[in-house]
Amino acid sequence: MKNRLGNIIVVIVFIVIVGVCFYFIFNSSIKLGLDLQGGTQIILKPTESGAQQVTDEALDKAQLIILNRIDKLGISEPLVTRDFNRNIIVQLPGVDDPARAIEVIGKTAQLEFRIVESYDQNNNLVLGPTLLTGDKLVKAFAGYSQNGQIIVSMSFNDEGAKQFAKITTENVGKRLAIVLDGEVKSAPVIRQAITGGDAVIENIPTLEEAKDIALVLQTGALPVTLEIQESQTIGPTLGQDSLRQSIMAGIIGFILIAILMVALYRGLGAISILGLIVYVIIFWGILAGLKTALTLPGIAGIVLTIGIAVDANVLIFARIKEEMLKGKSKVASFTEGFRNALKAIIDSNITTLITAAALYRFGTGPIRGFAVTLAIGVLISLFTAVIFIRAILFLIVNSKAVTPGFIGVRIRPKTKEL
């Protein structure tokens, strides 16, 4: 009775999960990747400025910083590469605000603290030498001051805190200019020495701009100056025809798998189809909830995991049939079948997850999209096969409808010996 109640609870939990996934499916739109939908392409040309030198190491670091900025903007499936002219090519699929993305990605984020020495004839600030730079920052975040003004708060590391304390101690009464990429963001008067290692940027018109400033400060300054050489909206490389063909391939694959499972395992095959439907709904709901950009390799990962999802059922059902052929009872056959298949299922799924992790770690762009969908599919398939399908089977195991024929087993009657 206790086990039956537990299985009922499992089924109810899955029904709730499916309901939540339906909500995300119908209330969230899945973005398509650059290969299916198109997007924005930005070409950034590195230029030498002052002591900066355009080296391969500097360009590698610049690519990593750009990727970090894109991640914080919430853009999925970005592709950041270099061409033969050492330009950095950034491809952003389906961005909602390409102008903001371009501004954040290309911002050098050179932060400087300089004392205001005087004013020129046009009342512009005349700044002294740079006393502290942004490489000493630990964190930066946007928010509001006690007066309700939009600010960016910054914290320095130990070395930066000591330098900032020295600057403010020696220049009490003077104005300290906070300069970002050559633009004076604020120039407050130093009222007293600041020893806590914190500073703020004021006079920011919008909270969104403050968040962008905090973002570029957190990800660090680019080691080279990048000029936006070209920015354009590009069309899909594969298009809607490929999307339709891929979805059709998935549907045909699903139907063929359903036919095969029913032919081999009869009633158990029908239950596996139910599990497969639940698997697809949960998978689609997660993609919709995460707002993941769907690329053609991503679709390939989804179609592939449909086969992986039913593979666990094949192992379980095959073991159940073996136990039934040995003459064991239905409950014993189901119990032993699950237990004997579980180790093989876990081992095969772990090896697939290791492959997906390697693809994600060393791949880029669409390859990472394939790795993500593959990993999500493996985890969901394991979840549905080991928990959901098991709960369904043990709820009906004592039913009169569950016969050897229902399981796909033909038990030949014993012949009498003469």
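**Burial and overall make-up**

I started with burial: of the 418 residues in the chain, 44% count as buried. This is a predicted model, so I keep that in mind for everything below. Next I pulled the accessible surface, which comes to about 22,400 Å² for the chain. Carbon and sulfur atoms own 58% of that surface. For secondary structure I got 11 helices and 11 strands. Then I checked contacts with a separation of 6 or more: 72% of them join residues 24 or more positions apart.

**Nonpolar patch**

Which residues make a nonpolar patch on the surface? I found I247, M248, I251, I252, I255, L256 and I259, with a patch area of about 650 Å². I picked L256 for a closer look. L256 sits in helix α7, which covers residues 239-290. Its relative accessible area is 53%, so L256 passes the 50% cut-off and counts as exposed.

**The β6-β7-β10 sheet**

I then went to a sheet. Three strands make up an open sheet, ordered β6-β7-β10, with antiparallel pairing. Its edges are β6 (137-144) and β10 (198-201), and each of these pairs on one side only. On average, neighbouring strands here are turned by 25° against each other, direction ignored.

How many bridges join β7 and β10? I count four, in the antiparallel sense, with β7 spanning residues 150-156. Two of the partners I wrote down: S153 stands opposite V200 of β10, and S155 has D198 of β10 as its bridge partner.

Helices next. Helix α5 (residues 158-170) packs on this sheet and touches β7 and β10. The direction of α5 makes about 110° with that of β7. Helix α6 (residues 207-219) also packs on the sheet, touching β6, β7 and β10. For α6, I noted an angle of about 175° between its direction and that of β6.

Back on β10, I sorted residues by face. A199 and I201 are on the covered face, while D198 and V200 are on the uncovered one. Both bridge partners I noted above, V200 and D198, belong to that uncovered face.

**I302 in helix α8**

Is I302 buried or exposed? It is buried: the relative accessibility is 14%, and the cut-off for buried is under 20%. I302 is found in helix α8, residues 296-325. I listed its contacts, leaving aside neighbours within four places in sequence, and got Y279, F283, W284, L287, L294 and T373. I also took the C-alpha to C-alpha distance from I302 to W284, which is 9.3 Å for a pair 18 residues apart in sequence.

**Salt bridges**

How many salt bridges does the structure hold? The tally is nine. I went through three of them.

The D56 and R86 side chains meet at 3.2 Å, N to O. D56 lies in helix α3 (residues 56-73) and R86 in the loop between β2 (79-82) and β3 (88-93), so this pair ties together parts 30 residues apart in sequence. Both ends are partly exposed: D56 has a relative accessible area of 45%, and R86 is at 32%. The pair is not on its own, since a network of salt bridges links D56, D60, R82 and R86.

My second pick was R114 with E112, where the side chains meet at 3.7 Å, N to O. R114 is partly exposed, with 21% relative accessible area. Likewise, E112 is partly exposed at 22%. I note that R114 at 21% falls just outside buried, because that label needs a value under 20%.

Last came E323 and K326, a salt bridge at 3.7 Å, N to O. Which end is buried, and which is exposed? E323 is buried, with a relative accessible area of 3%, whereas K326 counts as exposed at 59%. E323 falls within the residue range of α8, 296-325, the helix that also holds I302.

Terms used. Residues are numbered from 1 along each chain as its sequence is written. This is a predicted model: local features need pLDDT of at least 70, side-chain atom pairs count only at pLDDT 80 or more; totals for chains, interfaces and linings use all residues. Side-chain values use heavy atoms; hydrogens and water are left out. Buried means under 20% relative accessible area, exposed over 50%, partly exposed in between (1.4 Å probe, protein chains only). Contact means heavy atoms within 4.5 Å. Accessible areas come from the Shrake-Rupley method with a 1.4 Å probe; for residues, only the protein chains shown count as cover. Patches are made of residues with over 30% relative accessible area and no salt bridge: like charges are joined within 9 Å, nonpolar side chains (Val, Leu, Ile, Met, Phe, Trp, Tyr) within 5 Å. A salt bridge is a side-chain nitrogen of Lys or Arg within 4 Å of a carboxyl oxygen of Asp or Glu. Two strands pair if DSSP finds at least two bridges between them. Axes are lines fitted to C-alpha atoms, for helices over the stretch in contact, and angles run from 0 to 180 degrees between N-to-C directions.
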